[in-house]
Amino acid sequence: MGPFEILCGIAAVTLALYYFLTSTYDFWKLRGVPGPRPIPGLGNFKDVMLNNISAGDYLTKIYNTYKDEPMVGIFTRKTPLLIVKDLELIKDVLIKDFTMFADRGLPIFEKTEPLSQHLFSLEPKRWRPLRIRLSPVFTSGKLKEMFSLISKCADHLVVYMEKVADKGEPVECRELSAKYTTDVIGNCAFGIDMNALSDEDSEFRKMGRKAFTLNWAAMLRIRVRQISPRLYGMLGYFLPQTDVTKFFTRVITETMDYREANNIVRNDFVDMLRELKKHPDKMSDVELTDSLIASQAFVFFLAGFETSSTTISHALYELALNEKIQDNLREEINEVYAKYGEDFSYDNIKEMKYLDKVFKETLRKYPPVTFLMRQTMSNYTFEGTKVTLPKDQKVWIPVYAIQRDPNIYPKPDVFDPERFTDEAVQNRHPMSFLPFGDGPRNCIGSRFAIFQTKVGLVKILRHYKVETCEKTPIPYVNNPKAFLLAPVDGLYLKIVKIN
């Protein structure tokens, strides 16, 4: 074969590869949806894939670049992905036409990741009956029953903080609050004392930390899963289970077996899972495997401690930066205690209106989940547009970008609890505040998260003042490697005991 034939062969292979990598890139153009030019093989996610920018920041950049467009089309490698910006269209996706978007479009790998079969990721067929059966755990009545346990864990946090404050050193508040929320979840949902506050070597805290740590092995798994889901699924027959998977599967199984053998009933999350296992007929066509049941406990533990601890630490961060707001909140807390004494209750928390504003403004500025994911169940045309999506089209809603839109929230970088007066809320579109999502597939544990966060903040601020220190991240920079919204080098504050 001569040089010319070799060159022709190389050219043919190059063209074929280029065509393969770019064959979908006219997808949004044909539908009249604007968007940035994709890079062959990488799409529009090069900087996110290389951990140069967080997904929340990248979507905000796209959101602001196409500020007058109702939707923007981008690509993850070859896969077209729609970013919906218009609030009315978002309402259609989450609520009005929910049946068309009931799937989150997240892959489930029963062999490679047995605990991926949880409520957050499940396809509608299994999600719907599970959601119905698990929802009673999160009623206001159940929360009232759990309240004394939450309050007791917060008291342990106050005692633990005294040791921390005495040292006079900067405190990493994300780790501090994660220990508290780990203990709350353990006591309220699983009937297990996880000892995250009292024991520096708590196995639950170690595993919780491990689940959110992106080491090289975790990054490799993620990249293989993203690039070749089919190959990743097959690897389940060869790859050993992770320490986190083995630990949580064992703990949930042992807890359920122990309660069964000793006839222990607590009417909590674990008991609800036991009921599911005892009465599989109530789950219609869903096969209730051990890993499916363990997955629900796993996601409730992870989501329950990490999102709330993130919110507590962000609230403390803003209160340290805004001393006047901190003083006003502490004044409200002291007034409620003066009115009711030390008998702190569920109803006391509901009376704290300024606390509610601070909590909501924290979630407005720092939503733990920066975007919502949905996937079409069939062909769908957006009302008032000519944009038709095929079945299985992925749709993202940029929560972080919306909640920092200056046209919705003037001076969005300013921490202002007064954005959440009744009048201000009524004057905004309901889809402009989505920290828990919305519609039938919103966060099932939002009430629980709200109360454990608020109780933790009340107990901390009654006894301690938070201040900035030399290690406090100013300005705040989003960590591009984090699953949930988090600063690059931790969130350090100075904690001072109030005498």
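Which residue in β7 does L372 stand opposite? Keep that question in mind while loading the coordinates, and bear in mind throughout that this is a predicted model.

**First stop: the four-stranded sheet**

Select L372 and then I397 in β7, for these two residues stand opposite each other, and they belong to a pairing of β4 with β7 that is antiparallel and extends over four bridges. Widening the selection brings in an open sheet of four strands, whose order is β1-β2-β7-β4 and whose pairing is mixed. Its edges are formed by β1 (71–76) and β4 (372–375), each of which pairs on one side only. From one strand to the next, the twist averages 30°.

Move next to the middle of the sheet, where β2 (residues 79–84) and β7 (residues 394–397) pair in the parallel sense over three bridges; to see one of the matched positions, select L82, whose bridge partner in β7 is V395. Helix α4 (residues 55–65) packs on this sheet, touching β1, β2 and β7, and its direction makes about 140° with that of β1.

Before leaving, colour the residues of β4 by side. In a regular strand the side chains alternate between the two faces of the sheet. Here L372 and R374 lie on one side, M373 and Q375 lie on the other, and all of them are buried, which leaves both faces of β4 covered.

**Second stop: the three-stranded sheet**

Now select the open sheet made of three strands in the order β3-β9-β8, in which the pairing is antiparallel. The edge strands are β3 (171–172) and β8 (464–467), each pairing on one side only. Two bridges join β3 to β9 (residues 492–497), the two strands running antiparallel, and V171 has L493 as its bridge partner in β9. On the other side of the sheet order, β8 and β9 pair in the antiparallel sense over four bridges, with I495 in β9 as the bridge partner of V466.

Which residues of β8 are on its covered face, and which are on the uncovered one? Showing the side chains gives the answer: Y464 and V466 make up the covered face, whereas K465 and E467 make up the uncovered one. Add α14 to the view, and the helix can be seen to lie across β8 and β9, running at about 75° to β8.

**Third stop: aromatic rings**

Stay with α14 and select F300 together with F138, an aromatic pair that is edge-to-face, at 5.2 Å centre to centre and with 75° between the planes. F138 lies in the loop between α6 (124–134) and α7 (140–167), while F300 lies in helix α14 (residues 290–321), so the pair ties together parts that are 162 residues apart in sequence. Both F138 and F300 are buried.

The structure holds 25 aromatic pairs. For a group of rings, select F147, Y337, F344, Y346 and F451, which ring pairs link into a cluster. Two arginines can then be inspected against rings: the charged end of R31 sits over the ring of F27, 3.8 Å from its centre, and that of R428 sits over the ring of F420, 4.9 Å from its centre.

**Fourth stop: an annotated cysteine**

Select C443, which the UniProt annotation "binding site", from an unreviewed entry, covers. C443 lies in the loop between α19 (422–426) and α20 (446–463). Its relative accessibility is 32%, so C443 counts as partly exposed. Leaving aside neighbours within four places in sequence, C443 is in contact with R131 and F436.

**Last stop: backbone details**

Most residues other than glycine have a negative phi, and most peptide bonds are trans. Against that background, select the bond from I474 to P475, which is cis, with omega near 0°; P475 is placed in the loop between β8 and β9.

Then select N51, a residue other than glycine whose phi is positive, near 60°, and which is found in the loop between α3 (46–49) and α4. The tour ends at K411, which has a positive phi of about 50° although it is not a glycine. K411 is placed in the loop between α18 (399–402) and α19, and it counts as exposed because its relative accessibility is 65%.

Note on methods: Residues are numbered from 1 along each chain as its sequence is written. This is a predicted model: local features need pLDDT of at least 70, side-chain atom pairs count only at pLDDT 80 or more; totals for chains, interfaces and linings use all residues. Side-chain values use heavy atoms; hydrogens and water are left out. Rings of Phe, Tyr and Trp (its six-membered ring) pair if their centres lie within 6.5 Å; planes under 30 degrees apart count as stacked, over 60 as edge-to-face and the rest as tilted. Buried means under 20% relative accessible area, exposed over 50%, partly exposed in between (1.4 Å probe, protein chains only). A charge sits over a ring if NZ of Lys or CZ of Arg is within 6 Å of the ring centre and within 35 degrees of the ring normal. Two strands pair if DSSP finds at least two bridges between them. Axes are lines fitted to C-alpha atoms, for helices over the stretch in contact, and angles run from 0 to 180 degrees between N-to-C directions. Contact means heavy atoms within 4.5 Å. UniProt positions are given in the numbering used here, feature names are shortened, and annotations may be inferred rather than shown by experiment.
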